[in-house]
Amino acid sequence: MKNIFRNQLPLLSLLALGFASAWCAAAGQAVNDVLRPPKGAPVAIVVFEDLQCPQCRRVAPILEQASKTYKIPLVRHDFPLPMHNWSYQAAVMARYFDETSKALGNEFRDYVFSNQLEINPQNLQSYAEKFAAAHKVGLPFVVDPQGKFAAQVNADRDLGKAINLDHTPTIYVVSSRHADKPYVEVDPRQIDSRLYALIDTMMKE
């Protein structure tokens, strides 16, 4: 019996190595994909944001305007930080509105930013109800009983962690035209002076 087990050890080691390699390849692919433009777009803006983050509130309209000016996608990822006491639930609610349309979900995110200073854990639900009523969308009292939307938020947060994110907003201009440098991070403190110049550079062939 000992000999049989000993003979199987190399095979088990190879199997374990194969599973590990496959997992690493899949994880690497996910990381690569998040820092690439959506299919068909040569350049895009990617942002990881926290709906309770004041700096995220400040840069959101700048990113949206740049997206419209250059006619390039703005890809928004939820990255609620643990020190904020209502941003995770707000992100879950945004995912609920995403089910109607991604545009509505992003409109809710902007609505939260515009009311960020007044929102707290006790009144977040009422703000969401006002938004839903204004857009003629139903909003159940328990938004995510099966945990579906929480899983989507967690998946976004895991993507951020996989590329070692630790702050919000984290902003990238990503390109399919520059294989040597397909993405560049934009410091939110310099966004007014750097964003448009960087997009110009990344859009060049």
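## The Asp78–Arg95 pair

In this predicted model, Asp78 and Arg95 join their side chains in a salt bridge, with an N to O distance of 2.9 Å. The pair links distant parts of the chain. Asp78 lies in strand 2 (residues 74-78). Arg95 lies in helix 3 (residues 87-98). The two are 17 residues apart. Asp78 is buried, and Arg95 is buried as well.

The pair also belongs to a network of salt bridges. Asp98, Lys102, Arg109 and Asp156 are linked in that network with Asp78 and Arg95.

## Other salt bridges

How many salt bridges does the structure hold? The count is 12. One of them pairs Asp192 with Arg58. Their closest N and O atoms are 3.4 Å apart, so the contact falls within the 4 Å cut-off for a salt bridge. This pair, too, links distant parts of the chain. Asp192 is in helix 7 (residues 191-203), and Arg58 is in helix 2 (residues 54-70). They are 134 residues apart. Asp192 counts as exposed, because its relative accessibility is 58%. Arg58 has a relative accessible area of 33%, so Arg58 is partly exposed.

Asp187 and Arg189 form another salt bridge. Here the closest N and O atoms are 2.8 Å apart. Which of these partners is exposed, and which is partly exposed? Arg189 counts as exposed, because its relative accessibility is 67%. Asp187 has a relative accessibility of 24%, so Asp187 counts as partly exposed.

## Cysteines

The disulfide count is zero. Cys53 is in no disulfide. The cysteine sulfur nearest to Cys53 is that of Cys56, 3.1 Å away. Cys56 is likewise in no disulfide, and its nearest cysteine sulfur is that of Cys53. Why does this pair not count as a disulfide? The sulfur atoms are 3.1 Å apart, and a disulfide requires them to be within 2.5 Å, so the pair does not qualify.

Are these two cysteines buried or exposed? Cys53 counts as buried, because its relative accessibility is 5%. Cys56 has a relative accessible area of 1%, so Cys56 is buried.

Methods: Residues are numbered from 1 along each chain as its sequence is written. This is a predicted model: local features need pLDDT of at least 70, side-chain atom pairs count only at pLDDT 80 or more; totals for chains, interfaces and linings use all residues. Side-chain values use heavy atoms; hydrogens and water are left out. Helices (H or I, at least four residues) and strands (E, at least two) are DSSP runs, numbered from the N terminus. Buried means under 20% relative accessible area, exposed over 50%, partly exposed in between (1.4 Å probe, protein chains only).
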